[in-house]
Amino acid sequence: QSTWGFSGVPTMVKKETRFVEVGRVAYIAHGDDKGKLCVIVDVVDQNRALVDGPCTNVNRKILNFKAMHLTKFTITIPRSCRNRFVRKAWEKENMTQKWEESTWAKKIANRELRASLTDFDRFKLMIAKQQRNRLIRNEFCKLKKAWAKAPKKDKKAAKKK
């Protein structure tokens, strides 16, 4: 072991690595098709890939890797295959449904929903949160009072459990 406590062996191992590969589904983060999903059909060079998204209205084009985020999903397609093969593989894998069930897509949907709230909707949300927190606080206080009134023998038994 070294002076700084690092033994030379990494303690954390990443379970999943998302490689740039043919068939990898990607989320477009920048550009005209921002927010849509596409599939990497072919790798052009170390900075760009040929992508296609027939089910998400993304035309076949060359896209920079900096403009997309790789997802954990992949579909099995041959390299540089035509649009119809990509569509068939996409539908066979139910990729749209898998994406909508993912946590990532749910977070994006929640973000869009919150951004579309009006001032009155935000006010109603604030009131609902206050009511919820009031209920939680009242129940917690009841439990605290019941705990304080309980005899000491019961408290010791509860702590041992």
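The heart of this predicted model is an open sheet of five strands in the order E4-E3-E2-E1-E5, with antiparallel pairing. E4 and E5 stand at the edges with a single partner strand each, so one side of each is left without a neighbour in the sheet. From one strand to the next, the twist averages 40°; axes here are lines fitted to C-alpha atoms, for helices over the stretch in contact, and angles run from 0 to 180 degrees between N-to-C directions. Strands are DSSP runs of E with at least two residues, helices are runs of H or I with at least four, and both are numbered from the N terminus. Two strands count as paired if DSSP finds at least two bridges between them.

A few words on how to read the numbers. Residues are numbered from 1 along each chain as its sequence is written, and side-chain values use heavy atoms, with hydrogens and water left out. Because the model is predicted, local features need pLDDT of at least 70 and side-chain atom pairs count only at pLDDT 80 or more, while totals for chains, interfaces and linings use all residues.

Let's walk through the sheet, starting from E1 (24-28). Three bridges join E1 to E2, and the two strands run antiparallel. Within this pairing, Ala26 has Cys38 of E2 as its bridge partner. E1 also pairs with E5 in the antiparallel sense, over four bridges, and here Ile28 is matched with Met68 of E5.

On we go to E2 (37-43), where six of the seven residues are buried, so the strand is largely enclosed by the rest of the structure. Buried means under 20% relative accessible area, exposed means over 50%, and partly exposed lies in between (1.4 Å probe, protein chains only). A hairpin of four residues leads from E2 to E3, and the two strands pair in the antiparallel sense over four bridges. Asp42 stands opposite Leu50 in E3. Leu50 in turn stands opposite Ile62 in E4, so you can follow a line across three strands by way of Leu50. E3 and E4 are joined by five bridges and run antiparallel. In their hairpin, which has four residues between the strands, Asn57 takes a positive phi near 60°.

Asn57 turns up again around Asp33. Asp33 sits in the loop between E1 and E2 and is buried, with a relative accessible area of 11%. Leaving aside residues up to four places away in sequence, Asp33 touches Ile28, Asn57, Val58 and Lys61, where contact means heavy atoms within 4.5 Å.

What comes after the strands? Read along the sequence, the chain follows the pattern β-β-β-β-β-α-α-α-α-α. H1 lies across E1, E2, E3 and E4, running at about 130° to E2. Just ahead of that helix, Ser80 lies in the loop between E5 (68-74) and H1 (83-92). Its phi is near 55°, a positive value in a residue other than glycine, and Ser80 is partly exposed at 39% relative accessible area. Asn94, in the loop between H1 and H2, also has a phi near 55° and is partly exposed, with a relative accessible area of 42%.

Ser102 lies in the loop between H2 (95-101) and H3 (103-115), and it is buried at 10% relative accessible area. From Ser102 to Lys72 there are 30 residues in sequence and 9.9 Å in space, C-alpha to C-alpha.Farther along, Phe120 lies in helix H4 (residues 119-149) and counts as exposed at 52% relative accessibility. Together, Phe120, Phe123 and Met126 make a nonpolar surface patch of about 320 Å². Patches are made of residues with over 30% relative accessible area and no salt bridge, joining like charges within 9 Å and nonpolar side chains (Val, Leu, Ile, Met, Phe, Trp, Tyr) within 5 Å. A salt bridge is a side-chain nitrogen of Lys or Arg within 4 Å of a carboxyl oxygen of Asp or Glu.

Finally, the chain as a whole. Buried residues make up 25% of its 161 residues. The chain exposes about 12900 Å², with carbon and sulfur atoms supplying 54% of it; accessible areas come from the Shrake-Rupley method with a 1.4 Å probe, and for residues only the protein chains shown count as cover.
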